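Here's a quick walk through a few pieces of one protein model. Have the viewer open as you read.

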Amino acid sequence: MYYDISAKTRSLYIHWPFCPYRCHYCPFVALASHDPFMERYHQALVQEIREFGRNYTEKPHLDTIYFGGGTPSTYPDHLLLDMFAILGEFFVFDKNTEITIEVNPGTVRVEQLELWKNLGINRMSVGVQSLNDEVVKKLNRLQKASDVYFLLDKAPSYFDNISVDLILGLPGVSVQEWKDLLAKVVTWKITHLSMYILEVHDSTPLFFNIASKKVSLPCDDDVVDLYYWSRDFLAQHGFEQYEVSSFARNGRESRHNSMYWERKPYRGFGLGACSFDGSNRLQNEKNLMKYLESVEQGIYKPVFFETITKEQVYAEKVMLGLRRMKGIMWSEVSNDLTDNQKNGITEKLNLLKEKKLITDKNGCLQLTPAGLIVENEIITRLSL
């Protein structure tokens, strides 16, 4: 058994990798043009969940369930009904459980919204990214602004907890266009907003298009200035930042994502899904056929497994803690360090304080607005 079932697992992640198209910037385990495999994949998911659930003599109570992807809004209705029946067979969840489904505009029918609500799904995460049809088309994201407006007009009748994703720094989006976009977004009936700065991942079509100069990115300084402006603008309209990329109305922070940042145990199911039991991390097979065949033959095992060392625990606490606005207590992250390690990190912290990238308030370390922009560099600098 790779995952320790004695861990207090209160969160599940279910990966649905199927997409109607693949965005040029996407680094995730996602499959376009593989719809004929949906039913077979669902059955493998069910088998994986059953094998995990059978380890418990009493059904675990769940705090969060997250359907991620891929594009989970393409999960066929009859298969999703079956999935919730299986989940109910092995776990306890109710109206207090945060159950999120990721959706892409243009892939949702009104009938689905009603079905999802009846199943107990109570939170939607909508991949908006941009309202510029030409911009998203060039990134092979085949949705239109009209699809976004349609979905966000209908969805509030079924869900009162809706999040939208936006990408800052997309090629072809001007400073004024971004400001106009946020001005529209804050008028929508949403409770949460994730604002990601565009990352260019190796081997994606976007990476090659930039390398060949077919695509040019906005000026870094403009993106940084817009990030600062966006934080202030969102705060003025009731969206408080609680993590580097996350903004929420009061009490509507993502409980599932917060679970990751707090390093709580979670079990992931499906292609490429990750799990963490508090001591060990594991990841599922990323190759569809290998995953399906091994699960079907009853010989499935994760392709990656590691027991977390003390040094890794420190690194994870720093990385995940500094992402959040409330920061981290130095005593909590340093308690397992040697005196030499503590002294070395303290010197680095002092330099970061001098540069006004980090603050220390009674032992609580927090990134400043300038530090948030270079969060990755700071975390690397604070490594052992």
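What follows covers a strand, two helix pairs and one glutamine.

## What you're looking at

This is a predicted model, so take each value below as computed from predicted coordinates.

## Strand β1 and its partners

Let's start with β1, residues 11-16. Six of its six residues are buried, so the strand is largely enclosed by the rest of the structure. In a regular strand, side chains alternate between the two faces of the sheet. Here S11, Y13 and H15 point one way from β1, while L12, I14 and W16 point the other way, and all are buried.

Who does β1 pair with? One partner is β4 (residues 64-69), which pairs with β1 in the parallel sense over six bridges. Within that pairing, H15 has G68 in β4 as its bridge partner. Another partner is β11 (residues 267-269), also running parallel to β1 and joined to it by three bridges. On that side, L12 is matched with R267 in β11.

## Helices α1 and α10

Next up is a pair with a long stretch of sequence between its members: α1 spans residues 38-53 and α10 spans residues 288-296. Their axes come within 10 Å and cross at roughly 50 degrees, which makes α1 oblique to α10. The crossing of these two helices is left-handed.

Which residues make the contact? From α1 you get R40, Y41, A44, L45, Q47 and E48, and they meet L288, M289, Y291, L292, E293, V295 and E296 in α10. Sorted by class, the residues of this contact come out as eight nonpolar, one polar and four charged.

## Helices α2 and α3

Now for α2 (residues 77-90) and α3 (residues 110-119), whose axes come within 11 Å and cross at roughly 5 degrees. Angles under 35 degrees count as roughly parallel, and α2 and α3 are therefore roughly parallel to each other.

On the α2 side, D77, L80, L81 and F84 take part in the contact, meeting Q112, L115, W116 and L119 in α3. The class split for α2 with α3 is six nonpolar, one polar and one charged.

## A look at Q43

Is Q43 buried or exposed? Neither, quite: at 40% relative accessibility, Q43 counts as partly exposed. This residue sits in helix α1.

If you want a distance to check in the viewer, try Q43 to D82: the two are 39 residues apart in sequence and 9.6 Å apart in space, C-alpha to C-alpha.

Terms used
Residues numbered from 1 in each chain as written. Predicted model: local features only at pLDDT ≥ 70, side-chain atom pairs only at ≥ 80, totals over all residues. Heavy atoms only, no water. Axes fitted to C-alpha atoms, helices over the stretch in contact; angles between N-to-C directions. Helix = DSSP H or I, 4+ residues; strand = E, 2+ residues; numbered from the N terminus. Parallel < 35°, antiparallel > 145°, perpendicular 65-115°, else oblique. Left-handed = near helix turned anticlockwise from the far one by under 90°. Contact = heavy atoms within 4.5 Å. Nonpolar A, V, L, I, M, F, W, Y, C, P; charged D, E, K, R; others polar. Buried < 20%, exposed > 50% of the residue type's maximum accessible area, 1.4 Å probe, protein only. Pairing = 2+ DSSP bridges.
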